[in-house]
Amino acid sequence: MDIDAAMRRKIVVSIVSVGAFFALFVGIGVTFGPDLGDTGGLALVGAIALFVLVMAGVGVILQD
């Protein structure tokens with residue numbers, strides 16, 4: 001099965017986006033420790049909201 005250049009680009013951009021936000025989630029966990037507290041919880045919710053918005057933007061940009 002051959003993967004054309006456009007599909008390869010979509011796969012790479014998606015994997016990089018998810019990896020970046022996974023690193024962000026881990027960074028929040030490391031920064032605020034196992035007990036996130038109020039500030040850590042807000043940071044995590046903000047990161048999730050940012051993830052949703054960025055993935056929507058990536059989807060719009062990558063659509064054919």
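Helices are defined here as DSSP runs of H or I with at least four residues, numbered from the N terminus. By this definition S14 is found in helix α1 of the structure, which is a predicted model. Helix α1 comprises residues 5–32, and helix α2 comprises residues 37–62.

The dimensions of the helices were compared with those expected from their residue counts. Helix α1 has 28 residues, and its first and last C-alpha atoms are 41 Å apart, close to the 40 Å expected at 1.5 Å a residue. Helix α2 has 26 residues, for which a span of 38 Å is expected at 1.5 Å a residue; the 37 Å between its end C-alpha atoms agrees with this. After α1 comes G33, which has a positive phi, near 75 degrees.

The unreviewed UniProt entry annotates residues 12–33 and 39–62 as "transmembrane region". In the model, residues 12–33 are 95% helix and 0% strand, with a distance of 31 Å between the end C-alpha atoms. Residues 39–62 are 100% helix and 0% strand, and the C-alpha atoms at the ends of this segment are 34 Å apart.

Burial was examined next, helix by helix. The buried residues in α1 are K10, S17, F21 and I28, and they pack against α2. In α2, the residues G40, A47, V58 and L62 are buried; the buried residues of this helix pack in turn against α1. An α-helix has 3.6 residues a turn, so residues three or four places apart point the same way.

Individual positions illustrate the packing between the helices. S17, found in α1, counts as buried because its relative accessible area of 11% lies under the 20% cut-off. Neighbours within four places in sequence aside, S17 is in contact with M55 and V58, and V58 is itself among the buried residues of α2. On the α2 side, A43 is found in the helix and is partly exposed, with a relative accessible area of 26%. When residues up to four places away in sequence are not counted, A43 touches I28 and F32; of these contacts, I28 is listed among the buried residues of α1. The C-alpha atoms of A43 and V26 are 12 Å apart in space, with these positions 17 residues apart in sequence numbering.

Partly exposed positions occur in α1 as well. S14 has a relative accessible area of 28% and is therefore partly exposed, since this value falls between 20% and 50%. S14 and I48 are 34 residues apart in sequence, and their C-alpha atoms are 16 Å apart. I48, which lies in α2, is partly exposed, with a relative accessible area of 43%. The C-alpha atom of I48 is separated by 9.7 Å from that of L24, a residue 24 places away along the chain.

The surface also carries a nonpolar patch, formed by M1, I3, M7, I11 and I15, whose accessible area together is about 560 Å². I11, one of the members of this patch, lies in α1. With a relative accessible area of 37%, I11 is partly exposed; this value is over the 30% required of patch residues, so I11 meets that criterion.

Note on methods:
Residues are numbered from 1 along each chain as its sequence is written. This is a predicted model: local features need pLDDT of at least 70, side-chain atom pairs count only at pLDDT 80 or more; totals for chains, interfaces and linings use all residues. Side-chain values use heavy atoms; hydrogens and water are left out. UniProt positions are given in the numbering used here, feature names are shortened, and annotations may be inferred rather than shown by experiment. Helices (H or I, at least four residues) and strands (E, at least two) are DSSP runs, numbered from the N terminus. Patches are made of residues with over 30% relative accessible area and no salt bridge: like charges are joined within 9 Å, nonpolar side chains (Val, Leu, Ile, Met, Phe, Trp, Tyr) within 5 Å. Accessible areas come from the Shrake-Rupley method with a 1.4 Å probe; for residues, only the protein chains shown count as cover. A salt bridge is a side-chain nitrogen of Lys or Arg within 4 Å of a carboxyl oxygen of Asp or Glu. Buried means under 20% relative accessible area, exposed over 50%, partly exposed in between (1.4 Å probe, protein chains only). Contact means heavy atoms within 4.5 Å. The expected span of a helix is 1.5 Å times one less than its number of residues.
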